[in-house]
Structure formats: C-alpha cells, structure tokens
Amino acid sequence: MPTETFEFQVEARQLLQMMIHSIYSNKDVFLRELVSNASDALDKLRLEALRDDSLGADVSDLHIALDADPKARTLTVRDNGVGMSRDEVVELIGTIANSGTAKFLRELKEADGASDAEGLIGQFGVGFYSSFMVADEVTLLTRRAGESQGTRWTSTGAGTYTVETVEDAPQGTTILLHLKPEDSEDQLHDYTSPWKLREIVKRYSDFITWPIRMAAQPAPDADAEGADAGPGEPETLNSMKALWARSRDEVTDDEYHELYKHISHDWTDPLETIRLQAEGTFEYQALLFIPARAPQDLFLQGYKRGVQLYVKRVFIMDDCEALMPPYLRFVKGVVDAQDLSLNVSREILQQDRQIQLMHRRLAKKVLSTVKDLMTAHPEKYATFWGEFGRVLKEGLLSDRENRDTILAVSSFATTHDKDQPTALAQYVERMKDGQEHIYYLTGESRQAIENSPHMEAFQARGIEVLLLTDPVDEVWVDTAPEFDGKQFRSVAKGEIDLGTAQEKQDADTERGKQQEEYAGLLAWMTDRLSDDVKEVRLSSRLTVSPACVVSDTHDVTPALENIYRAMGQEIPHSKRILELNPKHPLVVGLNRTHTERPDDAGLGETAELVHSLALLAEGGELADPARFVKLMADRLERTL
C-alpha cells in the first residue's frame, strides 16, 4: 500500500498542541510512558505465545532497548513485543478513540498549576503523545507478531500524520524521536545523555520485569585510535526484581509508589500500600494499593476492575476480576501465585478453589487495612471514605461473610455532628438509655432529610439519626439486619415509640382519648384516599407538621421502588400510610368541620391537599401535580 496522509481528529490535535507547547514541567515522564507501553507489549506477546503455538513469534530474548545518538540528536525506544497491525496503528495512534479525551482537555484547562496538570496524563492514557514534549518529529515502526508486513507512522504533531506499509520491519515496535534542542530553563534535558537515561529508568522503571538495555556508548577516543572493536555489550539499566518478592526493608516508599503509578496509570501516590505473603499448601504474594482518589469511571459499566495476576513472576492477565470482589474494584496491585498453570483462563479462574481462597483472604486484608486507617490514621481514613465509601457499601449487599466488618469500617452522616461523619460503634456508644434501635432516614440530601417531618420527634428528644443519602443506602439497610446487637430502624417506617416507660404510659392514655375523638375523620379519610393510601392514622412522630406519609415496617420505600424499576425490575406498588398530627391546627379544624358538616364539598379537596403536602414535605412526587396546583390556587383565592 502507498504512503497515506491522515489528519488528526480535532481532540487529538488539541492534545498534541498542548504537548508541543510543554504543559508539563517534568519532561522526563515521556520515557516512563514509552517504557511502560513497551513493557505492556512484551507482556502481551508472552501471553499470546503461551496460548497460541502457531504464532511463530520469537520470545527467546524479550527486552526493551534504548539507543541514543548525540550527533543526530535522536533517541530510539525499541521493544520486540506484540507490535501493532496497520489498522491498530491508525486506530490507537492516529486518533484518540477513548471518550475521556474531551474530559481530559477540559480538566487540563481547569487544573491549578503544573502539578495538577501532570496528574492527568497517565489517568487518561495519552502516554504516547507525551513524546512530542521532547521531539520535533516522531516515527513509529511496528510489526505485529505473526504478520509479515510492518507499518511506519510519522508525524511532527502539526495536524497530520503519514502511514505506510513496510516489508522488512522487525517484530515489535520502534519509536524514533528527533529531539528538540536542550533547554534547561524549560526543563528540557539532554535525552541522548547516558547518565540522564539511567537516572530516568532507575527512578521510574526499575521494577519493570523485562530488561531495559542501553546500547554501549563508543569510547571518546575510539575514532582517534582508529579502533574497530565494534559495539560493546549493552548495559541493563533496571534491576528487574519484582518489588513484591523483596522484603519490606529492601524497598523504599518511592519504589512502591512508582509501581503503583505504572500499573494504575495514576499520577498521584497511593493512599496506602498493602503487603501480603501467604505460605503453606498454596503460596502467593500480593502487593496491593488503595488509591488516593477515585477514578472518573469507577461507577461506569465498562470500568476495568481487578488486579494484575502473575504466576512465578510471569505476567498472566491485567484485570483479574476473580481475585477481588466488585465492591473493592478500586484496589490496584499485583498478585503472584506459585502453583497456578501459566495457561490459566478467566473461565478457569472463576471455578478454581485456590483462587476463591485468595479472593477471600485479599478482601479481608483490604478491609482490615481500612480498619487500621480508621483507628490509627483518621485523616487518611477520611480521604478513603470520601473517595470510596459509596462503592464499599455495595459489599453490604454482596458479601455476607464480611458484612459486619464492612459496617464496622463505614461512616455515616448524622444529626450528632453537622461536619463529621460517625462510625456505628460511636453511634452505639452515644445511644440514650432505653434506646433499642439504630435510627436512620434515607433521602436525596442532608438538608432534605433534616427538614423531613419524620425527624420531628427525634429532633425534639435529641435522639441521633443517621442521614443516608447514597442510592445504595436504600438497598443495604433492608439486608443488614443489625450492628452490635442493635437493629436498624427507619424513622419513616412503622410505628414510632419513643420516651421512657412512664412517658409511654401517659402517651397511651392520651392516645386513647385522641383515637375516640378522631375515629370518624380517620375512617372517612382512609376511604376517601383509598386509591393512594392503605390507612390514615394518628402520628406519634410529628410535633410541627400537620401530616406525613410513612411505609409499613417491611414495605419497600418509593425510592427503592424507583431503583428497581430503573434496573428493569418491575415490583408491585406498595400503598403507604398517612399519619396526622392531632395537635396541629389544620388537623384539629379538619376534624371539627368533618364532625359539624360531614357533607361539606370542600372536605374531600382538603383531604387531598393534606396528603399532597405530606408527600411534598418528604421530597416525594405527586401523581397529579396539575390537580394539586388547581386546588391550591382555588384555596388561596378564597383567602384574598
């Protein structure tokens, strides 16, 4: 095929211009990105060769090579990995296919300072483009393992690139950078300098499991002596020793952090590093990381979860979901097992008993680490919970074995403190004498919950209530029955019975009189509103509002109904209960009018309005908003 010229798509062109105009103060990162890509290509080739004997690829000496030419001012980064086909080059290099690019550009413009900007490059997988920070022209030569023809891609980053087919390309990928002039003020170093290349590789890529070799440099006086000794032995720049296989005192925090950045493509240091070594009948080592911030796509359907799986330090797969439960999908890291087959598949992993045991132990280890953060490092824990609390609570639904532990390491907003969330153990310690339940209320926001009529009796008595605002809260509260022997109880469900034994006795006496006084109104309203409610009764939870709507103890809440329907699960609608405040002037007047003028045409409309107001007060939706507006407008008109 002849040489073809293509235009970069608009977003790719914008990104290239940002790279060319040096948005990052630390230019050294380009080499880290290219080495990381090369390492991935070698991992993939090793894996494909294991699974496909007919591939015909040479895997005898997989490595990454650096070759600098100071005279020509070029740097070559070469690997003999899996390579790319022509179509892959156009798709992966010529355009930025992922939808995160526009978001990357937007966040880049909003970033405060160079450090924030640098934090975005790895996050959005635009490492190859970082080459243009240091190069005026980039040429990529690649041949996919198993194919006979290669592809050359060339661009100056000025809006177009060329692609041509090459007959004699070596297996793997070679990237040739025509370097910009050295500029110390712009942090643009001499990337043909051997010591500079050594420094960058040692700093960022020492743990890469493949050798990174630098071509031997000719002696300064080689030309003068007319020597014809040929090139010397290449120098291996990285130790290649897996960090998880080294003892803790042999590894610095910086080395752990660099490994985390390599496997997560995050540019911030991890919040916490977790080491685990299992010995006995089934041996494995794990090095796990809790990130300091949640990735943008954590709650999207296509989010890649899981940790890297190695067998005897041979890379097997990138996102091994079988090793980590979905509610810990934010955890990154490496697990290196000694006794698994190198040819293991994802399907086999799902059934493997040893993998299931590893899954259980890794989950417990992460949860125990979170518990340690909670007790010993409250600031770190606060960061963790703010970033990952929502996803961790999913485990209350799916992991019955660890449910108590997850509850113990969870925090919730509460009426006790406006700013600080509380652990359940702290809530239990503060419970009032005689209080038997952990009270909670779900809603869309803290403000909406605090202003809910359901809260009035609890606020009046100073009883603490958990304020649950995450969608997952609607679901787990029905599946987690108790904590520390105390049952969870919604303040918007069932009958509420607060106060001391004497207060309850006095309230029962007063309630008996009120029941007689309001019996006619309650029966009439129950019948009148039967399409919407199952019962109208007097309330013990209201002190200010005229009415509220509650659910029976075991009924599904409207919010949970909506969640199930959004997931495509149709469930029967549960009618709710309308509670009236017998001391509110509106309810007193309504009862008096019903007793004196039971045939008054306006009574029915007033009953509808009372029910609608109760729904609105809790943030609910009206079945017929237009009718409510008409009735309210008519009533307001009569007052003028």
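The side chain of Asn80 comes within 3.0 Å of the backbone nitrogen of His63. A polar atom of that same side chain also lies 2.8 Å from the backbone oxygen of Asp61. These distances, like every value in this report, come from a predicted model. Asn80 sits in the loop that runs between strand S3 (74-79) and helix H3 (86-94). With a relative accessible area of 16%, Asn80 counts as buried, because the limit for that class is under 20%. Apart from neighbours within four places in sequence, Asn80 is in contact with Leu42, Leu45, Asp61, Leu62, His63, Gln171 and Gly172. Asp61 and His63, the partners in the two polar approaches, are thus among the residues in that contact list.

Two residues are notable for their backbone angles. Most residues other than glycine have a negative phi. Met240 is not a glycine, yet its phi is positive, at about 65°. Asp484, likewise not a glycine, has a positive phi of about 55°. Met240 belongs to the loop between strand S9 (235-236) and helix H8 (253-264), while Asp484 belongs to the loop between strand S19 (482-483) and strand S20 (486-490). How exposed is Met240? Its relative accessibility is 24%, so Met240 counts as partly exposed. Asp484 has a relative accessible area of 58% and is therefore exposed.

The setting of Asp484 can be described further through its flanking strands. S19 and S20 form a hairpin with two residues between them, and Asp484 lies in the turn. The two strands pair in the antiparallel sense over two bridges, and Phe483 stands opposite Lys486 in S20. S20 also pairs with strand S17 (residues 437-442); these two run parallel and are joined by four bridges. In S20, Gln487 is the residue opposite His437.

A separate group of strands lies later in the chain. Which strands make up the open sheet of three, and in what order? The order is S21-S23-S22, and the pairing is mixed. Strand S21 (533-538) and strand S22 (547-550) are the edge strands, each pairing on one side only. From one strand to the next, the twist averages 25°. S21 pairs with strand S23 (residues 576-580) in the parallel sense, over five bridges. Glu535 stands opposite Ile577 in S23. In a regular strand, the side chains alternate between the two faces of the sheet.

Val311 is located in strand S12 (residues 307-311). Its C-alpha atom is separated by 8.8 Å from that of Tyr284, and the two residues are 27 apart along the chain. Val311 has a relative accessible area of 2%, so it is buried.

Turning to the cysteines, the structure holds zero disulfides. Cys320 is buried, because its relative accessibility is 0%. Cys548 is likewise buried, with a relative accessible area of 0%.

The accessibility values are collected below.

| Residue | Relative accessible area | Class |
|---|---|---|
| Cys320 | 0% | buried |
| Cys548 | 0% | buried |
| Val311 | 2% | buried |
| Asn80 | 16% | buried |
| Met240 | 24% | partly exposed |
| Asp484 | 58% | exposed |

Definitions and conventions: Residues numbered from 1 in each chain as written. Predicted model: local features only at pLDDT ≥ 70, side-chain atom pairs only at ≥ 80, totals over all residues. Heavy atoms only, no water. Disulfide = S-S within 2.5 Å. Buried < 20%, exposed > 50% of the residue type's maximum accessible area, 1.4 Å probe, protein only. Polar contact = N/O pair within 3.5 Å; in protein donor to acceptor, adjacent residues only side chain to side chain. Contact = heavy atoms within 4.5 Å. Pairing = 2+ DSSP bridges. Axes fitted to C-alpha atoms, helices over the stretch in contact; angles between N-to-C directions.
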